[in-house]
Amino acid sequence: MSLTNIAPTSELQALDAAHHMHPFTANGALAKKGARIIVRADGVRLTDSDGQELIDGMAGLWCVNIGYGRTELAEAAARQMRELPYYNTFFQTSHVPALKLAAKLAELAPGDLNHVFFACSGSEANDTNLRMVRQYWALKGQPQRHIVISRKNGYHGSTMGGGSLGGMSGMHAQGGLPIPGIVHIDQPHWYLEGGDMTPEAFGLARAQQLEAKILELGPDNVAAFIAEPVQGAGGVIIPPESYWPEIQRIVDKYGILLIADEVITGFGRTGYWFASEGYGIRPHIITIAKGLSSGYQPIGGSIVCDEVAHTIAQDEFNHGYTYSGHPVAAAVALENLRILEEEGIITRVRHETAPYLAQAWGSLADHPLVGEAVSRGMMASLALTPDKASRARFAADPGTVGYICREYSFGNNLVMRHVYDRMIIAPPLVITRADIDELIARARKTLDQTYAHLQREGMLKAAA
Ligand SMILES: *Cc1c(COP(=O)(O)O)cnc(C)c1O
């Protein structure tokens with residue numbers, strides 16, 4: 001039948017190594033080792049080509065919110081493909097899935113975020129945002145307002161625009177990023193950068209960097225500030241409670257646009273449809289992707305407030321993608337939103353499974369290797385450290401220990417990711433208490449193995 005049924009793993013790995021270039025991967029090293037090949041999935045579990053079953057602690061790449069194996073989405077896709085597999089929305093035409101999805105998103109989004117520009121991914125949506133906020137100010141007669149402020153260690157995608165808005169030093173080191181007109185302030189990462197300050201004081205100080213940067217650049221030159229409500233790819237960095245109210249105050253004071261990149265935090269990840277609600281922030285634009293379709297189809301977009309959308313509507317916006325609002329992707333997203341809503345999945349996260357995860361994950365903080373273990377909704381992280389009291393870093397290069405820990409985790413059939421020496425999870429929102437118990441047991445075993453490994457190798461040393 002399919003290749004996965006007829007070929008042994010080694011053959012699949014050889015083909016992969018010979019021809020497939022993996023994203024964010026040292027492909028030479030992977031080719032020697034061989035990729036783990038995932039062939040099936042159901043609920044929160046993956047099956048690989050050797051028949052091993054893994055708990056997917058990352059919901060794919062933060063996206064499979066409703067879990068795997070929901071045939072309703074397959075049926076929605078097939079139905080739409082038979083009826084209208086493709087049409088564009090450029091030529092003064094529209095189609096039912098795109099317009100219905102836009103209307104549904106307007107209903108779900110907070111405030112007057114009533115308009116949607118579709119893309120195929122989060123990166124593309126942020127490219128749209130970059131052009132849209134600059135065009136907005138141009139139409140307002142302030143074309144000099146073009147600078148977008150972003151944050152170090154933020155993640156906004158991998159295109160030229162997205163990678164520039166992001167603040168990943170490893171990305172900026174390759175391919176000529178960032179493009180002009182984007183500046184970065186520091187992240188609200190208390191654990192690593194807070195020193196002796198309280199989290200509250202540190203959160204305020206980091207938010208006030210936005211005000212200082214606006215004043216330095218000249219308030220009339222700043223178009224927008226973009227940030228993730230909770231940094232995802234940066235390591236599930238949950239800002240101190242003081243951070244977002246202060247950001248909102250500053251954004252209001254200088255009248256700049258606020259873009260909340262909710263590609264991860266949207267669609268229930270933090271226990272709300274959008275994390276902006278939980279944090280009480282009022283963005284002008286929300287970036288969406290990932291959980292919008294639970295990853296079953298590639299689709300993203302920008303949900304835009306009345307003021308910006310009405311202004312942009314005054315002229316032709318010379319921007320768009322062949323697959324903007326793709327009918328199959330939109331039909332699948334609509335079905336995904338129906339399931340999230342009708343099955344009460346987000347409410348259950350907020351009131352039941354997220355508090356359970358917080359307690360269970362938090363219990364890992366008693367491990368000798370763990371400096372902190374925190375969560376918000378269904379995203380969680382822990383810091384590995386050689387010395388809990390001082391929140392010390394390891395003497396080894398950042399990421400060395402995290403990688404060792406990740407390898408043990410994969411060996412224990414738990415997909416847990418590392419960002420430098422922080423371990424992170426973001427499981428499907430449908431994860432049950434029993435699954436969480438199993439996930440935590442495997443994570444604890446992983447930490448024990450990592451600790452023993454570091455002891456054995458003499459790696460429990462703090463950086464000077
Ligand atoms: C994943 C991600 C993106 C990029 O989305 P792609 O679909 O991979 O292009 C943008 N912003 C955030 C916050 C993300 O997590």
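**Around Tyr155, and across two domains**

Modeller: Let's start with Tyr155, which is found in the loop between β5 (147–151) and α8 (160–165). Keep in mind that this is a predicted model.

Colleague: Fine. Leaving aside its neighbours within four places in sequence, which residues is Tyr155 in contact with?

Modeller: Contact here takes heavy atoms within 4.5 Å. With neighbours within four places in sequence set aside, the partners of Tyr155 are Phe24, Gly166, Met168, Met171, Glu228, Ala233 and Asp261.

Colleague: And which residues surround the ligand?

Modeller: Tyr155 belongs to that set, along with His156 and Gly157. Ser121, Gly122, Ser123 and Asn126 are there too. The rest of the list is Glu228, Asp261, Val263, Ile264 and Lys290.

Colleague: Tyr155 and Val263 are 108 residues apart along the chain, so to speak; what separates their C-alpha atoms?

Modeller: Both residues are in the ligand's surroundings. Along the chain they are 108 residues apart, and the separation of their C-alpha atoms is 9.9 Å.

Colleague: How far is a polar side-chain atom of Asp261 from a nitrogen atom of the ligand?

Modeller: Take the other polar pairs beforehand. A backbone N or O atom of Gly122 is 2.9 Å from a ligand oxygen, and a polar backbone atom of Tyr155 is 3.4 Å from a ligand nitrogen. For Asp261 a polar side-chain atom is involved, and its distance to a ligand nitrogen is 2.7 Å.

Colleague: Now zoom out. How far apart are the C-alpha centres of domain 1 and domain 2?

Modeller: The chain is split into domain 1 (36–69 + 344–456) and domain 2 (72–342). Their contact takes 37 residues from domain 1 and 40 residues from domain 2. As for the C-alpha centres, they are separated by 26 Å.

Colleague: How much area do domain 1 and domain 2 bury between them?

Modeller: The size of an interface is often given as the accessible area lost when the parts come together. Here 59% of the buried area is on carbon and sulfur atoms. The figure for domain 1 and domain 2 is about 3100 Å².

Colleague: Which side chains meet in a salt bridge at 3.2 Å, N to O?

Modeller: Side chains of opposite charge can pair when their charged atoms come close. Across the interface of the two domains the rule finds 1 salt bridge. The pair at 3.2 Å is Glu241 and Arg376.

Colleague: Which element gives the most to the side of domain 1 that touches domain 2?

Modeller: That interface also has 21 residue pairs in polar contact, both partners at pLDDT 80 or more. On the domain 1 side, the elements giving two or more residues are α4 (59–62), α16 (345–362), β11 (370–376), β12 (379–384), β14 (417–419) and β15 (422–425). With 5 residues, the top contributor is β11.

Colleague: How many salt bridges does the rule count, and which residue does Arg206 meet in one?

Modeller: The count comes to 25 salt bridges. The side chain of Arg206 has its partner at 4.0 Å, N to O, in Asp186. This pair links distant parts of the chain, 20 residues apart: helix α11 (residues 199–217) holds Arg206, and the loop between β6 (182–185) and α10 (190–193) holds Asp186.

Colleague: Any backbone geometry to flag? Which residues does a cis peptide bond join?

Modeller: Trp62, found in helix α4, has a positive phi near 65° in a residue other than glycine. Pro178 is in the loop between α9 (169–172) and β6. The cis bond has omega of about -5° and joins Leu177 and Pro178.

How values were computed:
Residues are numbered from 1 along each chain as its sequence is written. This is a predicted model: local features need pLDDT of at least 70, side-chain atom pairs count only at pLDDT 80 or more; totals for chains, interfaces and linings use all residues. Side-chain values use heavy atoms; hydrogens and water are left out. Domain bounds come from an automatic or database domain assignment. Buried area is the accessible area (1.4 Å probe) that two parts lose on being put together, summed over both. A polar contact is a pair of N or O atoms within 3.5 Å; within protein, one must be able to donate a hydrogen and the other to accept it, and residues adjacent in sequence count only if both atoms are side-chain atoms. Helices (H or I, at least four residues) and strands (E, at least two) are DSSP runs, numbered from the N terminus. A residue is near a molecule or strand if one of its heavy atoms lies within 4 Å of it.
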